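I am opening a fresh page for this chain. I want to look up its rings, one threonine and its nonpolar cores.

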Amino acid sequence: MLTQEQVQFFHENGFVKGPKVYTDEQAQALRKRLDDVMEGRSAAQPEAKRNLLGDGSELVVIQIVNIWEADDLFREHIYHPEICRMVSQLMGTEVVRVWHDQVQYKPPFVGGPTSWHQDHPYWPIIQPADLISAWLAIEDATIENGCMWMVPRSHKWGPHKGGTIGTNPDDFSTLHDPSLIPPGEVVERVPCEVKAGEVMFHHCLTWHGSPPNRSERGRPAIAVHYMPGYTRYEPSAGHLVEHRVTVKPGEVLQGEYFPTVWDNGPVPH
Ligand SMILES: O=C(O)CCC(=O)C(=O)O
């Protein structure tokens, strides 16, 4: 459970650091499974595995979508009872489902940046914009190896031009449109260092990004994008996992590939 202070911090700022939910040994086991999936040793395949920055780019951010379909430890992870309880607490809903998961791995020295963005504009087939992501550091995420950075309160500023806010390559600062910032507000950038096995939560409209990894340590992490039980399939453009949708436009998004992970308590699976 999160404390009342943590819940309030989340609602005010659009993100909050949670507790350590895995021991170091458990985090290492996830790391090993991640290597297996990245190197093609898993029995099944994830939905996608690619360099987010494009094939042939010198900088690399390996993105894996729906690793839960490829590996049973990651499948167990999406149902993690403590994480799901905290998500339901932050959402204020009894039912929580998985929209999809997403690993971002920044390798040592050549790990690239993840530009400042909001999540929901990248998800043009689901409404409303009430999703919350649980971001787990599989190894320590620090400023040096490219931890996440957040802009406090930005989840209250509305969608920003399709989601991408833009990154100044010199200093990883936000290149935003000032006309979208409410009067009296300031754009602050806060680094969020997270230890291996700890979880952090962010709202799907919070501006966030992560700088390059120039260190000698990799930066493996997984975000599970959780949706409140009332989230609907409302297509206005395409999405990578849309071929998994079996409901009609306007209906609640659910089904085998969008598992219910919390229903007033842990869901048997
Ligand atoms: O892992 C990262 O650095 C970025 C992840 C992200 O953008 C997200 O979880 O929404």
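My entries on these topics follow.

**Entry 1: aromatic pairs**

I am working from a predicted model. I searched the whole structure for aromatic pairs and got five. I looked at tryptophan 99 and tryptophan 123 to begin with. Their ring centres are 6.1 Å apart and their planes stand at 70°, so I logged the pair as edge-to-face. The cut-off for that label is over 60 degrees.

Where do tryptophan 99 and tryptophan 123 lie? Tryptophan 99 is in strand β4, residues 95-106. Tryptophan 123 is in the loop between β5 (114-117) and β6 (126-127). The two are 24 residues apart in sequence, so their pair ties together separate parts of the chain. I checked burial too: both tryptophan 99 and tryptophan 123 are buried.

Next I took tryptophan 157 and tryptophan 207. This pair is also edge-to-face, with 5.4 Å from centre to centre and 90° between the planes. Tryptophan 157 sits in the loop between β8 (148-150) and β9 (190-192). Tryptophan 207 sits in the loop between β10 (198-203) and β11 (208-210). With their positions 50 residues apart, the pair links distant parts of the chain. I found tryptophan 157 and tryptophan 207 both buried.

I also noted one aromatic cluster made of Trp99, Trp123 and Phe258.

**Entry 2: a charge over a ring**

Which residue lies over the face of tyrosine 257? I found arginine 244 there, 3.9 Å from the ring centre.

**Entry 3: threonine 174**

I found threonine 174 in the loop between β8 and β9. Is threonine 174 buried or exposed? Its relative accessibility is 11%, so I count threonine 174 as buried; the cut-off is under 20%. Its side chain makes a polar contact with the side chain of histidine 176, at 3.3 Å. I then left out neighbours within four places in sequence and listed what threonine 174 touches. The contacts are Trp116, Val151, Ile165, Gly166, Val187, Arg189 and Trp207. Trp207 is the partner of tryptophan 157 from my earlier entry.

**Entry 4: nonpolar cores**

In soluble globular proteins, nonpolar side chains tend to be buried together. I looked for such groups here. The largest nonpolar core has 38 residues, and Phe201 and Tyr226 touch the most other members. Helix α4, residues 81-91, gives this core its largest share, six residues. Another core, of 20 residues, lies apart from it. Among its members I noted Ala141, Cys147, Met200 and Trp207.

Note on methods:
Residues are numbered from 1 along each chain as its sequence is written. This is a predicted model: local features need pLDDT of at least 70, side-chain atom pairs count only at pLDDT 80 or more; totals for chains, interfaces and linings use all residues. Side-chain values use heavy atoms; hydrogens and water are left out. Rings of Phe, Tyr and Trp (its six-membered ring) pair if their centres lie within 6.5 Å; planes under 30 degrees apart count as stacked, over 60 as edge-to-face and the rest as tilted. Helices (H or I, at least four residues) and strands (E, at least two) are DSSP runs, numbered from the N terminus. Buried means under 20% relative accessible area, exposed over 50%, partly exposed in between (1.4 Å probe, protein chains only). A charge sits over a ring if NZ of Lys or CZ of Arg is within 6 Å of the ring centre and within 35 degrees of the ring normal. A polar contact is a pair of N or O atoms within 3.5 Å; within protein, one must be able to donate a hydrogen and the other to accept it, and residues adjacent in sequence count only if both atoms are side-chain atoms. Contact means heavy atoms within 4.5 Å. A nonpolar core is a set of buried Ala, Val, Leu, Ile, Met, Phe, Trp, Tyr and Cys residues joined through side-chain atoms within 4.5 Å.
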